[in-house]
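Biologist: I'm new to reading protein models. Could you pick one part of this one and take me through it closely, showing me what meets what?

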Amino acid sequence: MSKVHITLVGAQAAPVYNGIVATEPDYVIFICSDDSEKTVKAVVTEIDIPNEKILISPTNPIEIAKIAKQLADRFNEDEVILNISSGLK
C-alpha cells in the first residue's frame, strides 16, 4: 500500500509544496489546468518523489467527475491524501 498525494494546483506553489512536504507521500498526482501548469513545473524541481500531472479543464464538471472516478478506482487500495488548498474550488 502506497501513500498517494493528490493535489489541486493553482497559481501559488507554496500550498502545493507544503502539503507534499508535510505528508511525505510515495507518489504525487498534480491536477492542473493550462494556467497552473507552470506551478507544477516549479514544485517538481523541488521534490524527489515520483509524480504525474493530469491536465484538465477547471470548468468542465463532466471531465472532472470522470478523472475523479478514475483516480478513485486506480488508488482504491492505497492511502490517499487530497490537498484542496490550491487551485479552483
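Modeller: Happily; we will follow one strand and then the places it leads to.

Two notes before we start. This is a predicted model, so local features need pLDDT of at least 70 and side-chain atom pairs count only at pLDDT 80 or more, while totals for chains, interfaces and linings use all residues. Residues are numbered from 1 along each chain as its sequence is written, and side-chain values use heavy atoms, with hydrogens and water left out.

Our strand is β2, residues 27–32. Helices (H or I, at least four residues) and strands (E, at least two) are DSSP runs, numbered from the N terminus.

Let's begin with Tyr 27, in β2. How many aromatic pairs does a search of the whole structure find? It finds one, and Tyr 27 forms it with Phe 75. In general, such a pair is described by the distance of the centres and the angle of the planes. For Tyr 27 and Phe 75 these are 6.5 Å and 40°, a tilted arrangement. The rule used here is that rings of Phe, Tyr and Trp (its six-membered ring) pair if their centres lie within 6.5 Å; planes under 30 degrees apart count as stacked, over 60 as edge-to-face and the rest as tilted. Phe 75 sits in the loop between α3 and β4 (79–83), so the pair ties together parts that are 48 residues apart in sequence. Phe 75 is buried, at 9% relative accessible area. (Buried means under 20%, exposed over 50%, and partly exposed in between, with a 1.4 Å probe and protein chains only.)

One place further along is Val 28. Setting aside neighbours within four places in sequence, Val 28 is in contact (heavy atoms within 4.5 Å) with His 5, Thr 7, Ile 20, Ile 47, Ile 49, Pro 50, Asn 51 and Glu 52. Two of those names deserve a stop.

Take Thr 7, in strand β1 (residues 3–8). Is Thr 7 buried or exposed? Thr 7 is buried, with a relative accessible area of 0%. Its contacts, not counting residues up to four places away, are Val 16, Val 28, Ile 29, Phe 30, Ile 31 and Asn 83.

Now Glu 52, found in strand β3. Beyond four places in sequence, Glu 52 touches Tyr 27, Val 28, Ile 29, Phe 30 and Arg 74. Side chains of opposite charge can pair when their charged atoms come close. Glu 52 and Arg 74 do this in a salt bridge of 2.6 Å, N to O; the term asks for a side-chain nitrogen of Lys or Arg within 4 Å of a carboxyl oxygen of Asp or Glu. Arg 74 lies in helix α3, so this bridge ties together parts that are 22 residues apart in sequence. Arg 74 is partly exposed, at 43%.

The structure holds three salt bridges. Another starts from β3 (residues 51–55): Lys 53 meets Glu 37 at 2.4 Å, N to O. Glu 37 belongs to helix α2, so here the parts joined are 16 residues apart in sequence. Lys 53 counts as partly exposed, at 38%. A further bridge pairs Lys 69 with Asp 73 at 2.9 Å, N to O. Both are in α3, four residues apart, about one turn of the helix. An α-helix has 3.6 residues a turn, so residues three or four places apart point the same way.

Back on our strand, which residues make up the largest nonpolar core? There are ten: Val 9, Val 16, Ile 20, Val 28, Phe 30, Cys 32, Val 40, Val 43, Ile 47 and Ile 49. A nonpolar core is a set of buried Ala, Val, Leu, Ile, Met, Phe, Trp, Tyr and Cys residues joined through side-chain atoms within 4.5 Å. α1 (14–23), β2 and α2 each supply at least two residues of it, and β2 gives the most, with three. Apart from this core lies another, of nine residues, among them Val 4, Ile 29, Ile 31 and Ile 67.

Finally, look at the loop between α1 and β2, where Glu 24 lies. Most residues other than glycine have a negative phi. Glu 24 has a positive phi of about 50° although it is not a glycine. At 62% relative accessibility, Glu 24 counts as exposed.
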